[in-house]
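Got the viewer open? Here is a short walk through the model, one selection at a time.

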Amino acid sequence: MLPLVPGGAPHLFFLAAVAALLGGLSAIERKGALQLMLSRPLVLGPLLGWALGDAQGGLVLGIPLELLFLGGVNLGGSLPDNESLLAAGLTSLVVPAGLAIPFGVDAPLAVLGLALVFPLALFGRRLERASEQRNLMLMDEALARAAAGDPGAAGVNLRGLLLPFGASAGICALGVLLSPLLAAVRLRLGPMPLSALEGGWHAIWAVAAACAVRAVRDPRAPALAALSAVAVLAVTLALRGLW
Amino acid sequence: MIPAAAMEQPARRVSAGTLVQVFLRSLFLQAAWNPRGMQNLGFAHAMAPALADLYPDSAARARATARHLEFFNCHPYFAAAILGGAVRLEERVANGEAPPESVSSFKRALGPPFAALGDGFFWLALRPAAALAAAATAPLLGLWCIVVFLALYNSVHITVRVWLFAAGYARAEGVVEAVARAHLSRGTPMLKACAAAMAGALAARGILAAGLVERPFHAVLVALVVVAAWASLPRLGATRAVYTALLLGLALGARFF
């Protein structure tokens, strides 16, 4: 019997619908609309986590993802990895899994989820490219309509939001529906795998911190970051009486 | 020389309500971003309410719409200035005070420099600084760190976006001077320095978390992974770096942690 969220299968389907809606909206907020940064992992993780029942669990996932993708910038035609799709998919998978087991969203569960769905960031980039190619058809339609004297030709613009919304919604719903499998794996882990996954979490944090330093595209960044890190370490150790 | 026909009619202006509509539609500038026209569909869609005010004749409005379906690319926030300016120039075109080509020239001239300015300030300085400030304060503030991020970022973003649109509409070509006087780029180095310091603090947090409790060897390992990841990221990329570190962490965790 797979571990399910409190409320059982009907609640799981309800959560899948919630994740689909928020995941879809995040996909269009990322680039197509508003860009208020609501789809950044730091915001989307806790927000989606809250909607699914565990905001703190979403924050645990959102912070390292934010740091990992801090340097991704959409300049002109270049496309960065899709951090929003990854954050939405990961939160949809991990948070309901955490609700289904006694431990909640802990480091081993987060690492398991991240290892499984990290390629979503690359997949999201391909999806975005496909969406842009599809938008070419919308542009051709608008040009043809304008040439034919239709003053409402540009109204096709908003149709460009449909594919990102639908794709992200589907992935998030699938994430929620597959979450019992992840919860079952987490429940069966012995001390050695748990210890290994704890180590993996620290390693991911280390890479995330390195990505954050790289994201600051300034020649002074490495030196300033090193100074700051040493200062924080020194102050913390001094406060604990270890130095 | 103003054509006689234009002098006989009352000057065509866009209403305040229409300006609000244009601004709100500018929030969907990249809804149908495409490789050939880039933000052209979004720009034409945002201009539609203004064109409806200025060109009651549908054939003239369709010609104006076609004008805005030409290639356009800019930073999505800074595009608000060009959009505001384009509305002002369309008013002049509708009143016969300027040729239609002046709108296209204006858009072509301002797109690239404003894109560079917006990318440098918003994407490469303000966003990393705000996100790192939020991440650094998360242990103290918990979920409230999200408010820190959104407030730091959007208080600047929304103010600048509204101001750019208003300045563009008020000054048209003169918006360049207004943007230059705002000295937005002057804050960029300071924001980057703050961001770097906070990234360092977050690295220290990761090291301390691994070292707790009484595990100095683990802290040293994590510090080494931070340095190694920083050095190898340009060659590996984020995905391979994450999986490499994950494998290393799993192996070390299974053996030592």
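Start with B:C145, which counts as buried because its relative accessible area is 0%. Keep in mind that this is a predicted model. Now look for a sulfur partner: the closest cysteine sulfur to that of B:C145 sits in B:C194, 18 Å away, which is too far for a bond. Jump over to chain A and pick A:C211, another buried residue, with a relative accessible area of 7%. For the sulfur of A:C211 the closest cysteine sulfur is the one in B:C145, and at 19 Å that is again too far for a bond. A search of the whole structure turns up 0 disulfides over all chains.

**Next stop: the interface**

Show both chains and colour the contact between them. Chain A brings 86 residues to it and chain B brings 86. About 7,300 Å² is buried between the two chains, with carbon and sulfur atoms giving 74% of that area. Select B:W33, B:R127 and B:W230: this trio supplies 9% of the area that chain B buries against chain A, more than any other three residues.

Which residues form a salt bridge here? Select A:D140 and B:R36, whose closest N and O atoms are 3.2 Å apart. The rule finds 1 salt bridge across this interface, along with 20 residue pairs in polar contact. On the chain B side, the elements giving two or more residues include α3 (40–54), α6 (101–141) and α10. Highlight α10(B), as the largest share of that side, 19 residues, comes from there. Sorted by class, the side of chain B that touches chain A has 62 nonpolar, 16 polar and 8 charged residues.

**Then: helix α5 of chain A**

Select residues 107–117 of chain A. This is helix α5, and it is mostly covered, with 9 of its 11 residues buried. Among the buried ones are A:P108, A:L112 and A:V117. What covers them? In chain A, the cover includes α3 (55–68), α4 (83–100), α6 (120–147), α7 (162–187) and α8 (191–215), and α10 (216–255) of chain B joins in. Zoom in on the start of α5(A), where a side-chain oxygen of A:D106 reaches to within 3.1 Å of the backbone nitrogen of A:L109.

**Last: a charged network in chain A**

Centre on A:E83, in helix α4 of chain A. A:E83 counts as buried at 4% relative accessibility. Beyond its neighbours within four places in sequence, A:E83 is in contact with A:R30, A:R40, A:P41 and A:F69. Its side chain makes a polar contact of 3.0 Å with that of A:R30, and a salt bridge (3.5 Å, N to O) with that of A:R40. The A:E83 and A:R40 pair links distant parts of the chain, 43 residues apart, with A:R40 in the loop between α1 and α2. A:R40 is buried too, at a relative accessible area of 3%.

Move on to A:K31 and A:E128, a salt bridge whose closest N and O atoms are 3.6 Å apart. This pair runs from the loop between α1 (8–30) and α2 (41–52) to helix α6, 97 residues apart. Finish with A:R129 and A:E132, a salt bridge at 3.2 Å within helix α6, about one turn apart. Is A:E132 buried or exposed? A:E132 counts as buried at 3% relative accessibility, whereas A:R129 is partly exposed at 36%. To view the network in one go, select A:R30, A:K31, A:R40, A:E66, A:E83, A:E128, A:R129 and A:E132, joined by salt bridges that share partners.

Terms used:
Residues are numbered from 1 along each chain as its sequence is written. Chains are lettered from A and ligands numbered from 1 in the order in which they are written. This is a predicted model: local features need pLDDT of at least 70, side-chain atom pairs count only at pLDDT 80 or more; totals for chains, interfaces and linings use all residues. Side-chain values use heavy atoms; hydrogens and water are left out. Buried means under 20% relative accessible area, exposed over 50%, partly exposed in between (1.4 Å probe, protein chains only). Helices (H or I, at least four residues) and strands (E, at least two) are DSSP runs, numbered from the N terminus. Contact means heavy atoms within 4.5 Å. A polar contact is a pair of N or O atoms within 3.5 Å; within protein, one must be able to donate a hydrogen and the other to accept it, and residues adjacent in sequence count only if both atoms are side-chain atoms. Buried area is the accessible area (1.4 Å probe) that two parts lose on being put together, summed over both. A salt bridge is a side-chain nitrogen of Lys or Arg within 4 Å of a carboxyl oxygen of Asp or Glu. Ala, Val, Leu, Ile, Met, Phe, Trp, Tyr, Cys and Pro count as nonpolar, Asp, Glu, Lys and Arg as charged, and the others, Gly among them, as polar. A disulfide is a pair of cysteine sulfur atoms within 2.5 Å.
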